[in-house]
Amino acid sequence: MSAPEPAVLVLVGAGPRATGLLERIAANAPELWDGGRALAIHLVDPHPPGPGRIWRRDQSPLLRMNSMAEDVTMFTDASSTIEGPVRPGPSMARWAAQFAGRVPRQEPYRLPEDPAVLAELRTLGPHDFPTRRAQNAYLDWVFRRALAELPPSVTVKWHRTTATALTGPPHGRQRVHLADRDTPLDADLVVLAQGHTGSTPSAEHLAHADFARRHGRFHLPPEFSAEADLSGLRPGEHVLLRGFGLAFVDLTVLLTEGRGGTYRTEADGTLTYLPSGREPVLHVGSRRGVPYHSKTRYRLQGPRPPLPRHFGPEAVDALVAAGRPLELRRDVWPLMAKEIGFGHYHELFHAHPERTALSWADFTDAYDRLDWYSPAMAGLLGAAVPDPADRLDFEALDRPLDGLTFATPGAFQDHLRAYLASDVARREDPAHSADLGAFLALLSVHGQLPRLLAAGLLTARSAAEEVDGWWRGLFNLLASGPPGFRLRELLALSRAGVVHFAGADLVVGTDEDSGTFTASSPTVPGRTVHATALVEAYLPGPNLERTRDPLLGWLHRAGALTEEVLSDPGHTHRTGRVTVAAPGGHLLDPGLGRPHPRRIALGAPTTSRALAAFARPHTDAPAFRENDAVARAVLTTLNRGSTPTGQTPRRERLGAR
């Protein structure tokens, strides 16, 4: 009897998301794959597999992750609610420890090629924030480990090129067209895992670019920081930066240290910036007017909070079962806030009981029964937690400049410097470890939301303005901030006059008479900043009409995928995301009116909204759940389906062609 024809899977994209999927394929193959049949997996990506484009080695060594090394993993653990097997693996910190001889070697073992990266890994501690180049080395190893764990019947080949089109009937062979050859790849299933793809400038950005051209000025639309060309910014030039998140932090690093500036640590521990003379002058503002809160540098001082408690599967099921339209802030947020509050107060009561006035048992007995925004809850928190600084106030955290005005720019600079110094001190002081308890509960809440979103009960306005807008912004403010030392550097840059704070609710415009960009804020009434350059200091969001990804653009123009459109009476919002069906991630094909049986998409540009490809350990990461579900669907489908005729591949080492 002849051997069955090999099955063929094409993964478009070979970065962390595709790597996570490969790891899950390897984990689930013993159960779901017939070892007597060959499976050929083709990776299509112009960038090396594992790190991919965003985490490629070719970027500034000054750029760092915003997570500590012990908080980065690509592996499932006991917290993972998945159908497939849990296969634990090392966090980045434990993986790096092998190069200093502190733990056994992790196979497949190989020294990083870059001597600077190897030196960093040998001294990297659990609480250190690694460079992106170090993360590149970790992701490269995770990819090689996933390859090593695949069964002998599965082969992997990397094609160092770009996918440009995808054709083929719904129940037949799919053809992935490539940029560097005429012959397409034939496949039984195709998975799109391109990650963050970027987009061309919007109409507003094009108008600003036209203004810059006409007046000989500089404009940078939203761009990935490591890829931004900043060479057009002149020393001493006044630059507006709209955005105060991680992109701003990276751009500021590149425009200061990246141009030769250095920091000196003073006797009291503060930093002084020593300019090189090549820096521009930066004016930064945003909707909130402050940067993200810095990351904590401590561990929990008490036991880990038992999560979820108030916003878990049962709470989500109850919301879905009601079957009525939902508004996030009205119907869901009070449960989310109560869950985050539980994490905060669990740590406060267990680690710092001297700052509480009730027993934990008495507190939780009342807390569990009360609504978050009820007067009774406010009374409970006031009685049980005497110091307001120990209470969780989301409104104050979210909009710290609301209601504040300053007569002079200098007065506002002083205020924001004090705000930054206080934030860093709090995030580095374990006396405030309740903030870490809240952070862990925030991650738990984030992991529960995809199930609610998939039910489709949120109104269009709420999904657009409250989920993709307000909630995403609040989550990033509290969970996605920079290391504390970056805010210490920002303080030094402010004192040195290199960075100026422009305020909240920033309004950016143009002045034809002076040929300058302008910025104003109600934080400093009557103050207008003029600058000869405008930098949009935030990342480009998903947009199918303007995507830079050739394949997504082709599929969109061909009508072969469905953009998520949120609509209800009086409100329509196009999110720019690719609509996929849960849990397998199949593309919704407009021509079929249903999910395409042979095309799957996962990750950043899809409606799953499981953005992060790696995660903090013990947080039941949504991306890991999605990877497992898709891996199981792929193996099950390929194992039982008919496949195109092809030559049985032999086992081979990863190769590019």
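A cavity is taken here as a set of points, on a 1 Å grid over the protein atoms alone, where a 1.4 Å probe fits but cannot get out. Grid points are joined across faces, edges and corners, and a volume is the space filled by probe spheres set on the points. The model is predicted, so to speak of local features pLDDT of at least 70 is needed, side-chain atom pairs count only at pLDDT 80 or more, and totals for chains, interfaces and linings use all residues. Residues are numbered from 1 along each chain as its sequence is written, and side-chain values use heavy atoms, with hydrogens and water left out.

By this rule there are 7 cavities of 30 Å³ or more, and the largest holds about 80 Å³ of space. Its lining (residues with an atom within 4 Å of a point) consists of F248, V249, T252, V253, Y263, R486, L487, E489, L490 and L493. Among helices (DSSP runs of H or I, at least four residues), α6 (246–255) and α15 (484–495) each supply at least two lining residues, and α15 gives the most, with 5.

Turning to the interior, a nonpolar core is a set of buried (under 20% relative accessible area, 1.4 Å probe, protein chains only) Ala, Val, Leu, Ile, Met, Phe, Trp, Tyr and Cys residues joined through side-chain atoms within 4.5 Å. The largest core has 54 residues, and F311, L328, W333, M336, I340, Y345 and W471 have the most contacts inside it. Two or more residues of this core come from each of α7 (313–322), α8 (328–351), α9 (360–367), α10 (375–384), α13 (434–454) and α14 (460–479). Apart from this core lies another, of 40 residues, including L220, F244, L420 and A492.

Definitions and conventions:
1 Å grid on protein atoms, 1.4 Å probe; cavity = no way out; pocket = protein on both sides within 12 Å on 5 of 7 lines; lining within 4 Å. Buried < 20%, exposed > 50% of the residue type's maximum accessible area, 1.4 Å probe, protein only.
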